[in-house]
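Dear colleague,

I am handing over the structure below, and the notes that follow it set out what was found. Please read them with the structure open beside you.

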Amino acid sequence: MIEHLPALIIAIPLFGAFIAPLFKKKQSIAAVWAILITAVTVILSLMLMYQVRLHGIIVYVFGADKPTIVLPSGYKVPIRIMFEIDGIGAFMAISATLMSFVGALYSYSHVKAESGLEKYYALLLLLEVGILGMVLTGDLFNLFVFLEIAGIAGSALVGFRNYRGEASEAGIKYLIVSAVASLMVLFAIGILYGEYGNLNLAYISRRVSLSTLDMIAFGLLFASFAMKCGSVPMHYWVPDAYTEVPAGINPVLLVSTYASLYALFRVSFTLFANVSISLERVGWIMSVLGVLTMFIGVTMALVQKDVKRLMSYHAISQTGYMLLGVGVGLTVLHNSDALAEFGRTAMAGGIFHIINHIIYKSLLLMTAGALFYVTGTRNLNEMGGLARKMPITTLCFIVGAAAISGLPPFNGFASKFLIYESSYRLNPLLAVFAMVTSILTLASFVKVFASAFLGPPLEKFENVREVPRPMIVAMVILALLCILFGLFPDVVLNKIVYPAVDALINVAQYQSWGGLA
């Protein structure tokens, strides 16, 4: 079983997705089925991380031992798929499976009154498959295929409440963005295949140069993945999608967004690793995009009255921290050893912030979903006094708000501090913008807390009570992770974050598998 972990972690949720529609008349069973399947994938992802720590890069081949068959005409046809799993891939797999499990658990009660839940859970599992395929594959075309799977499943889930015009509009917008991004990736794949006759990431990485075609391909890949991860100026789809998607899907959709961020980092660090002169400029571009993304996102959040839309703009803002941290690392990676070391710290902050943000942003979006569940509104001006009625949700919100604002001892502080410290060494203005963004973030969540939870109870919410237990359990799990990751950041950094950083930096080790392509 151990040697087939990469296959199982894809096959099991794919099998679950195809079985889920059979529970059309027993939708509660479909929910339990999705919870069980996602729980199994969490265990498999932890086992996969352990195997990566033991053996380094894991290469798993689907199909024939030889990469191609040769037709009588001499044309070579690729007939196999390769997964190449290193520290960063295993890190993202853990994030994907954990959030899929928490999302399925929360959904059990949150969408219980909806119809078509067998499709909902099938799509949730398909979205998980798409994410896992993106972060585990070692082949550009398979990356495109899994990107398409995630995009189609994600757009269907964003528009799941199709009786709402806003949801249908958001789903179509998400689908268009996904299609445009996928088309750009496909063009880049065509260029690289035409040049090198191969689509294995390690193989191409060893041969890529500064040719005009290579730079066009890199530009297409960079722009498409920046679009899909919600970076400014291509962030316009994020507020609609995150606001309209059911709160139980928000954690999985977040990971889907950061699977595209992973792809952006993989392209920058691995695929074009040998183009060091160009990558220093790319690092600056990524850092500036990060600053713009965090500042524009937080200023847009300040004026929002819809609690979930406000949090969706904060998702854009927090993406900026990840881009800044990894961008700083990319800028100095090929310089002196001293600079490279603080670049490694910056990258650790950016990558640590990925999982931290996925945890606390999922928690906050779930608390917003809980408010909507009991009040029927997302308008902050129509809420008030809910802390007395929903004490557990209130505590979870406080934990999430403190974490996203970078307050100690919560997890957001740990990753943001690394980003502040390292970005200051590159350019103090970068750190100043990052800290100001955190202050504005705190201000906006103080507004939410005061509007929704404080004040006298409103008469119309007199009979409101705490949300059902599965929703509480999902939120409490994430709140505890916010606290644990903040109290013991060294454990997380040493066990999963630094191995992920080193996997990106140690390109030579990844390239060594190119001979298998």
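How much area does the chain expose, and what share of it do carbon and sulfur atoms supply? The exposed area is about 18,900 Å², and carbon and sulfur atoms supply 68% of it. Please keep in mind throughout that this is a predicted model.

To begin with the overall fold, the chain is built with 19 helices and two strands, and its C-alpha trace spans about 75 × 60 × 40 Å along the principal axes. For 517 residues, a compact globule would have a radius of gyration near 24 Å, and the 22 Å of this chain agrees with that. Of the 517 residues, 61% count as buried, and among the contacts between residues at least 6 apart in sequence, 81% join residues that are at least 24 apart.

Charged pairs come next. A search of the whole structure finds 10 salt bridges, and three of the pairs that link distant parts of the chain deserve a description here.

In one of them, the side chains of E114 and R161 meet with an N to O distance of 3.0 Å. E114 lies in the loop between α3 (87-110) and α4 (117-136), while R161 lies in the loop between α5 (140-158) and α6 (165-196), so that 47 residues separate the partners along the chain. Both E114 and R161 are buried.

Another salt bridge joins E244 to R164, with the closest N and O atoms 3.2 Å apart. This pair spans 80 residues, from R164 in the loop between α5 and α6 to E244 in helix α9 (residues 238-244). E244 counts as buried because its relative accessibility is 8%, under the 20% cut-off, whereas R164, with a relative accessible area of 24%, is partly exposed. The same two residues belong to a network of salt bridges that links R164, E166, E244, D306 and R378.

Helix α9 also takes part in the salt bridge between R309 and D240, whose side chains meet at 2.9 Å, N to O. Here R309 is in helix α12 (residues 307-332) and D240 is in helix α9, with their positions 69 residues apart in the chain. R309 is partly exposed, at 23% relative accessibility, and D240 is buried, with a relative accessible area of 15%.

On the surface, F295, L429, V432, F433, M435 and V436 make a nonpolar patch of about 480 Å². Helix α16 (residues 428-453) gives the most to this patch, with five residues. V436 is placed in helix α16, and its relative accessibility of 34% makes it partly exposed.

What is the count of disulfides? The count comes to zero. C396 is in no disulfide, and the nearest cysteine sulfur, that of C482, is 9.1 Å away, so this pair does not come within the 2.5 Å that a disulfide requires. C396 is buried, with a relative accessible area of 4%, and C229 also counts as buried, at 2% relative accessibility.

Two individual positions may be worth a look in the viewer. T293 is found in helix α11 (residues 276-302), and at 0% relative accessibility it counts as buried. Not counting residues up to four places away in sequence, T293 touches G230, S231, V232, I316, S317, T319, G320 and L323.

P21, by contrast, is placed in the loop between α1 (5-19) and α2 (27-55), and at 39% relative accessibility P21 counts as partly exposed. Leaving aside its neighbours within four places in sequence, P21 is in contact with E118 and A122. The C-alpha atoms of P21 and E118 are separated by 4.8 Å, although the two residues are 97 apart along the chain.

With best regards

Conventions: Residues are numbered from 1 along each chain as its sequence is written. This is a predicted model: local features need pLDDT of at least 70, side-chain atom pairs count only at pLDDT 80 or more; totals for chains, interfaces and linings use all residues. Side-chain values use heavy atoms; hydrogens and water are left out. A salt bridge is a side-chain nitrogen of Lys or Arg within 4 Å of a carboxyl oxygen of Asp or Glu. Helices (H or I, at least four residues) and strands (E, at least two) are DSSP runs, numbered from the N terminus. Buried means under 20% relative accessible area, exposed over 50%, partly exposed in between (1.4 Å probe, protein chains only). Patches are made of residues with over 30% relative accessible area and no salt bridge: like charges are joined within 9 Å, nonpolar side chains (Val, Leu, Ile, Met, Phe, Trp, Tyr) within 5 Å. Accessible areas come from the Shrake-Rupley method with a 1.4 Å probe; for residues, only the protein chains shown count as cover. Contact means heavy atoms within 4.5 Å. The radius of gyration is taken over C-alpha atoms; the globule rule is 2.2 Å times the number of residues to the power 0.38.
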